[in-house]
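I opened this notebook to record what I looked up in one structure. The entries go from the overall fold to single residues.

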Amino acid sequence: MGGTFATVIISIILIAVVVFAVIKSIPHFKGQGGCCGGSEGEKLIKPRKLEQVVATKIVAIEGMRCDNCRKRVQNALNSMDGVNAKVSAEKKQAEVKLGSEIDDAELYKAISDLGYKVVSIENK
């Protein structure tokens, strides 16, 4: 009888741990968690208004899993001179409008320095 009591107690503890972990993970599954270490209150840098658009690029990005990831990438791109970027974590891409010629390597570096992987950069 002692062995079954211990098994029941261990089972209850394991179930409680799993339920707690699932509840805490729900915001991440919805793309609202801070998986990238960002904070929910991080302010988004507004895209600059460009006098002219010389090129529009679509940057495919791997590794963005939540809204904080999206904000981090968008802020990094929009902090660059001559860049107006809108990032979608769902589409795993950024639409980047350029007000002047900017080398793809600069866009690649701004994103990869954050820990995300640039899969491709294509002209739109």
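The entries below concern a predicted model.

**Entry 1. Overall composition**

I began with the inventory of secondary structure. I found three helices and four strands in the protein. Read from the N terminus, these elements follow the order α-β-α-β-β-α-β. I then looked up burial for the chain as a whole: of the 124 residues, 31% are buried. The accessible surface amounts to about 8200 Å², and carbon and sulfur atoms account for 58% of that surface. I also noted the range of the contacts. Of those between residues at least 6 apart in sequence, 71% link residues at least 24 apart.

**Entry 2. The sheet**

In which order do the strands lie in the sheet? I read the order as β2-β3-β1-β4, in an open sheet of four strands with antiparallel pairing. The edges are formed by β2, residues 83-88, and β4, residues 117-123, each of which pairs on one side only. From one strand to the next, the twist averages 20 degrees.

I went through the pairings one by one. Strand β1, residues 55-62, is joined to β4 by six bridges, and the two run antiparallel. Between β1 and β3 I again found six bridges and an antiparallel course. The pair β2 and β3 is likewise antiparallel, with six bridges. As a reference point for this last pair I recorded K86, whose bridge partner in β3 is E95.

**Entry 3. Helices against the sheet**

I next asked which strands each of two helices meets. Helix α2, residues 67-78, lies across β1, β2 and β3, the last being residues 93-98. Its direction makes about 170 degrees with β2. Helix α3, residues 104-112, also packs on the sheet and touches β1, β3 and β4. The angle between the directions of α3 and β4 is about 150 degrees.

**Entry 4. The faces of β3**

I recalled that in a regular strand the side chains alternate between the two faces of the sheet. I checked β3 for this, and its side chains do alternate. A94, V96 and L98 point to one face and are buried. Q93, E95 and K97 point to the other face and are not buried.

**Entry 5. V59 in β1**

I chose V59, in strand β1, as a probe of the sheet. Is V59 buried or exposed? V59 counts as buried because its relative accessibility is 0%, and the cut-off is under 20%. V59 has a bridge partner in β3, A94, and another in β4, I121. Beyond four places in sequence, V59 touches K92, Q93, A94, V96, I111, V118, S120 and I121. I also looked up its separation from Y108, which is 49 residues away along the chain: the C-alpha atoms are 8.7 Å apart.

**Entry 6. The β2-β3 hairpin and K92**

I turned to the hairpin of β2 and β3, which has four residues between the strands. K92 sits in this loop. Its phi is positive, at about 60 degrees, although K92 is not a glycine. With a relative accessible area of 42%, K92 is partly exposed, because that value falls between the 20% and 50% limits.

**Entry 7. S88 at the end of β2**

S88 belongs to strand β2. I asked why S88 is classed as buried. The reason is its relative accessible area of 16%, since the class takes in values under 20%. The side chain of S88 forms a polar contact of 3.5 Å with that of E90. Leaving out neighbours within four places in sequence, I found S88 in contact with M64, R70 and Q93.

**Entry 8. Cysteines**

How many disulfides does the model contain? I counted zero; the rule asks for cysteine sulfur atoms within 2.5 Å of each other. I looked up the burial of two cysteines as well. C66 is buried, with a relative accessible area of 2%. C69 is also buried, at 1% relative accessibility.

Terms used. Residues are numbered from 1 along each chain as its sequence is written. This is a predicted model: local features need pLDDT of at least 70, side-chain atom pairs count only at pLDDT 80 or more; totals for chains, interfaces and linings use all residues. Side-chain values use heavy atoms; hydrogens and water are left out. Two strands pair if DSSP finds at least two bridges between them. Axes are lines fitted to C-alpha atoms, for helices over the stretch in contact, and angles run from 0 to 180 degrees between N-to-C directions. Contact means heavy atoms within 4.5 Å. Buried means under 20% relative accessible area, exposed over 50%, partly exposed in between (1.4 Å probe, protein chains only). Accessible areas come from the Shrake-Rupley method with a 1.4 Å probe; for residues, only the protein chains shown count as cover. A polar contact is a pair of N or O atoms within 3.5 Å; within protein, one must be able to donate a hydrogen and the other to accept it, and residues adjacent in sequence count only if both atoms are side-chain atoms.
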